[in-house]
Amino acid sequence: MENDKKENAEEEIVLKVNNISKTYQAKNGEIEALTNINFDIKQGEFISIIGPSGCGKSTLLSIISGLESKTKGEIKIDGKVGYMLQKDNLLEWRTIYKNVLLGLEIQKTNTDENKKYVIELLKKYGLYEFKDKYPMQLSGGMRQRVALIRTLAIRPKILLLDEAFSALDYQTRLMVTEDIYKILKEENITALMVTHDISEAISMSDRVIVLSQRPATVKNIYNIEFDMPNRTPLNCRESPKFSRYFNSMWKELEEDEEK
């Protein structure tokens, strides 16, 4: 019975980061960016990574995605990975529908079945009536939603977000995080987000990983728990627990900045 429980728990893990280290070669010698980073993520979790500026958050995400090599350690991923960057990178000369199909075209999986799935996603998340419009005709928030649907079209199991909302103004950003959170939870997509915004991390995440200054290590991992039946990023910000989480994380980052 005990072994069965262990096996089930292991099956739920879709991303495992084991002792990841990264060293760069520079003119004046080696620069250590990351050292012995360890954590794992279960199916459906939303995890954020925060840390001091320049500590290597985005480098870690690039290593997990395979865009950058690691110096040491092991990454285990169960399933396909999608990636969302700061900019939506929509092609202005393609319609919204054609933009959403782009990933499928690149992967040569632009089948009738996948096209049907794209139409379903556009309808489900309020973009179908805009499918023949062009990116310049959409607001910043809607463009970001299109970028997410484009990523979901390839059916990823894990979504990596690298400061994905930082180019938006504050009010739009709040609404987009609400949108993205809802979509990811409904589609049961596992997410790993790098952000410099502590409030954003707390409001969206099941856990927040705090990295130290470079060479970055995992300084702390917070389990984020809000006692509410229908959790959303906006109502999390109104909880008394929110400020306690915020103050604790802010203090940790401030201590690192002062060193």
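What follows is a walk through the main features of this predicted model, from its sheet and cores to its pocket and cavity.

A good place to start is the three-stranded sheet. The sheet is open, its strands pair in the antiparallel sense, and their order is E2-E1-E4. Strand E2 (29-42) and strand E4 (72-77) sit at the edges with a single partner strand each, so one side of each has no neighbour in the sheet. On average, neighbouring strands here are turned by 20 degrees against each other, if direction is ignored. As a reminder, strands of a sheet pair through backbone hydrogen bonds, and they can do so in a parallel or an antiparallel way. Strand E1 (residues 13-26) and E4 take the antiparallel option, with five bridges between them. Within the sheet, Asn18 stands opposite Glu74 in E4.

Helix H2 (residues 57-65) packs on this sheet and touches E1, E2 and E4. The direction of H2 makes about 120 degrees with that of E1. Seven of the nine residues of H2 are buried, so the helix is largely enclosed by the rest of the structure. The buried ones are Lys57, Thr59, Leu60, Leu61, Ser62, Ile63 and Ile64. It is worth noticing that this list holds Lys57, Thr59 and Ser62 alongside leucines and isoleucines. Just after H2 comes Gly66, which takes a positive phi of about 90 degrees.

Next come the nonpolar cores. In soluble globular proteins, nonpolar side chains tend to be buried together. The largest nonpolar core in this model has 37 residues, and the members that touch the most others are Val100, Val118, Leu148, Ile149, Leu161, Phe165 and Leu184. Several elements give two or more residues to this core: helix H3 (96-100), helix H5 (112-124), helix H6 (140-152), strand E6 (158-162), helix H7 (170-186) and strand E7 (190-194). H6 gives the most, with six residues. To see the core from one spot, take Val100: setting aside neighbours within four places in sequence, Val100 is in contact with Val118, Leu122, Val146, Ile149, Arg150 and Ala153. There is also a second, separate core of 23 residues, and its members include Val14, Leu15, Ile49 and Ile64. Of these, Ile64 has already turned up as one of the buried residues of H2.

Now for the empty spaces. The largest pocket has a volume of about 460 Å³, and 19 residues line it. Nearest its centre lie Gly82, Tyr83, Arg150, Thr151 and Ile154. Strand E5 (81-84), helix H4 (102-106) and H6 each give two or more residues to the lining of this pocket. H6 thus has a part in the pocket lining and in the largest core, and Arg150 lies near the pocket centre while also being in contact with Val100.

A search of the whole structure also turns up one cavity of 30 Å³ or more. The space in the largest cavity comes to about 40 Å³. Its lining is made of Tyr170, Arg173, Leu174, Thr177, Asp197, Glu200 and Arg237. Here H7 gives the most, with four residues.

Finally, there is a hairpin. Strand E8 (residues 207-211) and strand E9 (residues 218-223) run antiparallel and are joined by five bridges. Six residues lie between the two strands of the hairpin. Arg207 stands opposite Asn223 in E9.

Note on methods:
Residues numbered from 1 in each chain as written. Predicted model: local features only at pLDDT ≥ 70, side-chain atom pairs only at ≥ 80, totals over all residues. Heavy atoms only, no water. Pairing = 2+ DSSP bridges. Axes fitted to C-alpha atoms, helices over the stretch in contact; angles between N-to-C directions. Contact = heavy atoms within 4.5 Å. Core = buried A, V, L, I, M, F, W, Y, C linked by side-chain atoms within 4.5 Å. Buried < 20%, exposed > 50% of the residue type's maximum accessible area, 1.4 Å probe, protein only. 1 Å grid on protein atoms, 1.4 Å probe; cavity = no way out; pocket = protein on both sides within 12 Å on 5 of 7 lines; lining within 4 Å. Points joined across faces, edges and corners; volume = space filled by probe spheres on them.
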